[in-house]
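Here are a few short exercises on helix packing, each with a worked solution. Keep the viewer open while you go through them.

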Amino acid sequence: MGQGPFSTPSSASSSSSGEVLLSAAPRALFQHLLSRRSHTLMETPLEKALTTMVTTFHKYSGREGSKLTLSRKELKELIKKELCLGEKMKESSIDDLMKSLDKNRDQEIDFKEYSVFLTTLCMAYNDFFLEDSK
């Protein structure tokens, strides 16, 4: 994988293929979250948000091609149906977004590329709320 805008966290390492591998601490936390889902305990709001981000990706991925990626058409549908900003996006904006997210230039958006998109949106939302609170 190519270099993205974010460095690999110290709690993760990379395999020889460039795949990020979780170290023991994040892996244990993830396993704990999964075990909680099988019990009747309530998910926290943050856990619900994480679950929604993952399930939304998989709701649209695999309709065309790989189950692990979003095609341009799938990305467009996800944005139009799941984000208010999607209603206003033009075809050229979808094309520009696809180009900026598709770091490995395979014409598909994998989960890592999707997560960069969500992180960018979160940062924009945060900036909006910071400006609004002034």
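**Exercise 1.** Which residues does UniProt give for the feature "domain: EF-hand"?

Solution. Before starting, note that this is a predicted model, where local features need pLDDT of at least 70, side-chain atom pairs count only at pLDDT 80 or more, and totals for chains, interfaces and linings use all residues. Residues are numbered from 1 along each chain as its sequence is written, and side-chain values use heavy atoms, with hydrogens and water left out. Now the lookup: the unreviewed UniProt entry puts the feature at residues 89-124. Such annotations may be inferred rather than shown by experiment. Next, check the span: its end C-alpha atoms are 16 Å apart, and it is 69% helix and 6% strand.

**Exercise 2.** Work out how H3 and H4 are oriented to each other.

Solution. Start with the ranges: H3 covers residues 72-82 and H4 residues 91-101 (helices are DSSP runs of H or I, at least four residues, numbered from the N terminus). Their axes come within 10 Å and cross at roughly 115 degrees (axes are lines fitted to C-alpha atoms over the stretch in contact, with angles from 0 to 180 degrees between N-to-C directions). H3 is therefore roughly perpendicular to H4, a class that takes 65 to 115 degrees. For the contacts (heavy atoms within 4.5 Å), look at Arg72, Leu75, Lys76 and Ile79 in H3; they meet H4 residues including Ile94, Leu97 and Met98. Sorted by class, this contact has six nonpolar, no polar and four charged residues.

**Exercise 3.** Now do H2 against H5: which residues meet?

Solution. First the geometry: the axes of H2 and H5 come within 11 Å and cross at roughly 130 degrees. H2 is therefore oblique to H5 (oblique is what remains after under 35 degrees for roughly parallel, over 145 for roughly antiparallel and the perpendicular range). Then the contacts: from H2, Met53, Val54, Thr56 and Phe57 meet Phe111, Tyr114 and Leu118 of H5. By class, that's six nonpolar, one polar and no charged residues.

**Exercise 4.** How many aromatic pairs does the structure hold, and what is the geometry of Phe57 with Tyr114?

Solution. There are four aromatic pairs (rings of Phe, Tyr and Trp, using its six-membered ring, with centres within 6.5 Å). Phe57 and Tyr114 sit 5.0 Å centre to centre with 50 degrees between the planes, a tilted pair; under 30 degrees would be stacked and over 60 edge-to-face. Finally, place the partners: Phe57 is in H2 (residues 45-60) and Tyr114 in H5 (residues 111-132), so the pair links distant parts of the chain, 57 residues apart.

Note on methods. Helices (H or I, at least four residues) and strands (E, at least two) are DSSP runs, numbered from the N terminus. Ala, Val, Leu, Ile, Met, Phe, Trp, Tyr, Cys and Pro count as nonpolar, Asp, Glu, Lys and Arg as charged, and the others, Gly among them, as polar.
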